[in-house]
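Subject: A structure for you to look at

Hi there,

Here is the structure I promised to pass on to you. Have a look at it first, then read on for what I found in it.

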Amino acid sequence: MKAKVAISKASEGASGMTGMWRIKRPVMDEGKCNKCLMCWLYCPEAAIVRGKDGRIWITYEYCKGCGICSEVCPTKVIKMVKEV
Ligand code: SF4
Ligand code: SF4
């Protein structure tokens, strides 16, 4: 008998407008980003988008401010700052 495996995949907006939960926001220094895609891979809300030109940006409507992107970024170019 084959084992069944459940795999979840983040999708933008799957949990609603999760940006309303945020008390801190990730701010990226785009000029220092090496486009490794670690933040894109780990964001649980799929709030990090990669453009066809390789550019990376954050959609704040869905970013809930968890800080995972900042933790996994190897070059530390994402800083979490307090919402005003
Ligand atoms: S803080 Fe980063 S990892 Fe967390 S939801 Fe926002 S963009 Fe995604
Ligand atoms: S993890 Fe950091 S260096 Fe890598 S794509 Fe994201 S912001 Fe850029």
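Glu45 is buried, with a relative accessibility of 5%. That may catch your eye, since Glu45 carries a salt bridge: its partner is Lys64, and the closest N and O atoms of the two are 3.0 Å apart. The pair joins distant parts of the chain, with Lys64 in the loop between β3 and α2 (68-72) and Glu45 in the loop between α1 and β2, 19 residues apart. Lys64 itself counts as partly exposed, at 26% relative accessibility. The cut-offs help here: buried means under 20% relative accessible area and exposed means over 50%, with partly exposed in between.

Before going further, please keep in mind that this is a predicted model, not an experimental one. The protein chain has an average pLDDT of 89, and 92% of its residues score at least 70. Among the elements of the chain, α2 has the highest mean pLDDT, 98, and β3 the lowest, 94.

Now for the overall layout. What pattern do the elements follow along the sequence? Reading along the protein chain, you will meet β-α-β-β-α-β, which adds up to two helices and four strands. The C-alpha trace spans about 50 × 30 × 25 Å along its principal axes. Of the 84 residues in the protein chain, 27% are buried, and Glu45 is one of the residues that count as buried.

Back to the salt bridges. How many does a search of the whole structure find? The search turns up five, and the Lys64 and Glu45 pair is one that you have already met.

Another joins the side chains of Glu30 and Arg55, at 2.9 Å from N to O. Glu30 sits in the loop between β1 (24-28) and α1, while Arg55 sits in the loop between β2 (48-50) and β3 (56-58), so this pair ties together parts that are 25 residues apart in sequence. Both partners are partly exposed: Glu30 has a relative accessibility of 38%, and Arg55 has 36%.

Asp29 and Lys32 also meet through their side chains, with a salt bridge of 3.6 Å from N to O. Is each partner buried, partly exposed or exposed? Asp29 is partly exposed at 35% relative accessibility, whereas Lys32 is exposed at 58%. Finally, salt bridges link Arg22, Arg25 and Glu83 in a network.

There are ligands to look at too. Which residues surround ligand 1? Around ligand 1 you will find Pro26, Cys43, Pro44, Ile48, Cys63, Lys64, Gly65, Cys66, Gly67, Ile68 and Cys69. By type, this shell divides into eight nonpolar residues, two polar and one charged. You will recognise Lys64 on that list as the salt-bridge partner of Glu45.

Ligand 2 has its own set of neighbours: Cys33, Asn34, Lys35, Cys36, Leu37, Met38, Cys39, Cys73, Pro74, Thr75, Val77 and Ile78. Here the shell is made up of nine nonpolar residues, two polar and one charged.

Lys35, from the shell of ligand 2, deserves a second look for its backbone. It has a positive phi of about 60° although it is not a glycine. Lys35 is placed in the loop between β1 and α1 and is partly exposed, at 40% relative accessibility. Lys76 also has a positive phi, about 55°, and is not a glycine either. You can find Lys76 in the loop between α2 and β4 (78-82), where it is partly exposed at 44% relative accessibility.

Last, turn to the surface. Met38, Trp40, Leu41, Tyr42 and Ile68 make a nonpolar patch of about 460 Å². Which element gives the most to this patch? Helix α1 (residues 38-42) does, with four residues. Leu41 is found in that helix and is exposed, with a relative accessible area of 58%. Two members of the patch also turn up beside the ligands: Ile68 is in the shell around ligand 1, and Met38 is in the shell around ligand 2.

If you would like a place to begin, try finding Glu45 and Lys64, and follow their salt bridge from one loop to the other.

Happy exploring, and best wishes

Conventions. Residues numbered from 1 in each chain as written. Chains lettered and ligands numbered in written order. Predicted model: local features only at pLDDT ≥ 70, side-chain atom pairs only at ≥ 80, totals over all residues. Heavy atoms only, no water. Patch = residues over 30% accessible without salt bridge, like charges linked within 9 Å, V, L, I, M, F, W, Y side chains within 5 Å. Areas by Shrake-Rupley, 256 points an atom, 1.4 Å probe, with all protein chains shown as cover. Salt bridge = Lys/Arg side-chain N within 4 Å of Asp/Glu carboxyl O. Buried < 20%, exposed > 50% of the residue type's maximum accessible area, 1.4 Å probe, protein only. Near = heavy atom within 4 Å. Nonpolar A, V, L, I, M, F, W, Y, C, P; charged D, E, K, R; others polar. pLDDT = per-residue confidence, 0-100.
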